[in-house]
Amino acid sequence: MDKNCIFCKIIAGEIPSQKVYEDESMLVFKDIQPQAKVHLLCVPKSHFATLAEMNEEQAELVKKCFIKIPSIAREQGLDSGYRVIINQGADAGQTVFHLHIHILGGQPMGEKML
Ligand code: AMP
Ligand code: ZN
């Protein structure tokens, strides 16, 4: 827990969020400024900013996130596909320095970004 981190505060329940799924490893909630019809954030329950700072234990949490994401996508009706993005640092537009996985879908995602 980083007391200055907004996602740690959301995990701790100090800041409200629209929760979609939670277990001991991760919290999944709706992005406050959705970039697609469905825009979720999957946040591992350990504070680290980027993949470069991730230790083995944290990598296990991220693995669990990736294993869970397909069933969350199914529950959200993302049957025709979705995009998964992890921004790393300033050039990628990372604004919250607690690693998180964007899940975007519910519409064709366009071809420009990737
Ligand atoms: P990134 O730019 O990859 O760091 O993504 C950060 C994301 O967090 C952005 O899409 C924001 O809209 C989202 N965000 C910031 N604060 C909140 C919040 N309190 N609840 C939900 N999403 C948030
Ligand atoms: Zn944090």
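In the predicted model, Gly-93 is located in the loop that connects β4 and β5. With a relative accessibility of 40%, Gly-93 is classed as partly exposed, because this value falls between the limits of 20% for buried and 50% for exposed residues. Gly-93 is separated from Cys-5 by 88 residues in sequence, and their C-alpha atoms lie 17 Å apart in space.

Gln-94 also belongs to the loop between β4 and β5. Its relative accessibility is 7%, and Gln-94 therefore counts as buried, since the threshold for burial is under 20%. Beyond its neighbours within four places in sequence, Gln-94 makes contact with Ala-49, Thr-50, Asn-87, Gln-88 and Gly-89. The side chain of Gln-94 also takes part in several polar contacts with the backbone. The backbone oxygen of Ala-49 is reached by this side chain at 3.0 Å. A polar atom of the Gln-94 side chain lies 2.6 Å from the backbone nitrogen of Gly-89, and the backbone oxygen of Val-96 is found 3.1 Å from a polar atom of the side chain of Gln-94. With respect to the N-terminal residue numbering, Gln-94 and Met-1 are 93 residues apart along the chain, with a C-alpha separation of 19 Å.

The surroundings of ligand 1 were examined next. Ligand 1 is surrounded by 16 residues, of which Asp-31, Asn-87, Thr-95, His-100 and His-102 are the closest. Asn-87 is thus listed among the closest residues to ligand 1 and among the contacts of Gln-94. An N or O atom in the side chain of Asp-31 lies 2.5 Å from an oxygen atom of ligand 1. Polar backbone atoms are also involved: one of Ile-32 is 3.1 Å from a nitrogen atom of the ligand, and one of Thr-95 is 2.7 Å from an oxygen atom of the ligand. Of the 500 Å² of accessible area that ligand 1 has on its own, 86% is covered by the protein.

Helix α2 comprises the 20 residues 56–75; at 1.5 Å a residue, a span of 28 Å is expected, and the 29 Å between its end C-alpha atoms therefore agrees with this value. At the N-terminal end, α2 is capped by Asn-55, a side-chain oxygen of which lies 3.1 Å from the backbone nitrogen of Glu-57. The helix bends by about 35° at Lys-68, and Pro-70 follows within four residues. After α2 comes Gly-77, which has a positive phi, near 80°. The buried residues of α2 are Gln-58, Leu-61, Val-62, Cys-65, Ile-69, Ser-71, Ile-72 and Ala-73. An α-helix has 3.6 residues a turn, so residues three or four places apart point the same way. The buried residues of α2 pack against the strands β1 (19–22), β2 (26–30), β3 (38–44), β4 (82–85) and β5 (101–105).

Pro-44 offers a view of this packing from strand β3, in which it is found. The relative accessible area of Pro-44 is 0%, so this residue is buried. Not counting residues up to four places away in sequence, Pro-44 touches Leu-61, Val-62 and Cys-65, and also Ile-11, Ser-25, Met-26, His-98 and Leu-99. Leu-61, Val-62 and Cys-65 are included among the buried residues of α2. Ser-71, another buried residue of α2, is 27 residues from Pro-44 along the chain, and the C-alpha atoms of the two are separated by 16 Å.

Terms used: Residues are numbered from 1 along each chain as its sequence is written. Chains are lettered from A and ligands numbered from 1 in the order in which they are written. This is a predicted model: local features need pLDDT of at least 70, side-chain atom pairs count only at pLDDT 80 or more; totals for chains, interfaces and linings use all residues. Side-chain values use heavy atoms; hydrogens and water are left out. Helices (H or I, at least four residues) and strands (E, at least two) are DSSP runs, numbered from the N terminus. The expected span of a helix is 1.5 Å times one less than its number of residues. The bend at a residue is the angle between axes fitted to the seven residues ending there and the seven starting there. Buried means under 20% relative accessible area, exposed over 50%, partly exposed in between (1.4 Å probe, protein chains only). Contact means heavy atoms within 4.5 Å. A polar contact is a pair of N or O atoms within 3.5 Å; within protein, one must be able to donate a hydrogen and the other to accept it, and residues adjacent in sequence count only if both atoms are side-chain atoms. A residue is near a molecule or strand if one of its heavy atoms lies within 4 Å of it. Accessible areas come from the Shrake-Rupley method with a 1.4 Å probe; for residues, only the protein chains shown count as cover.
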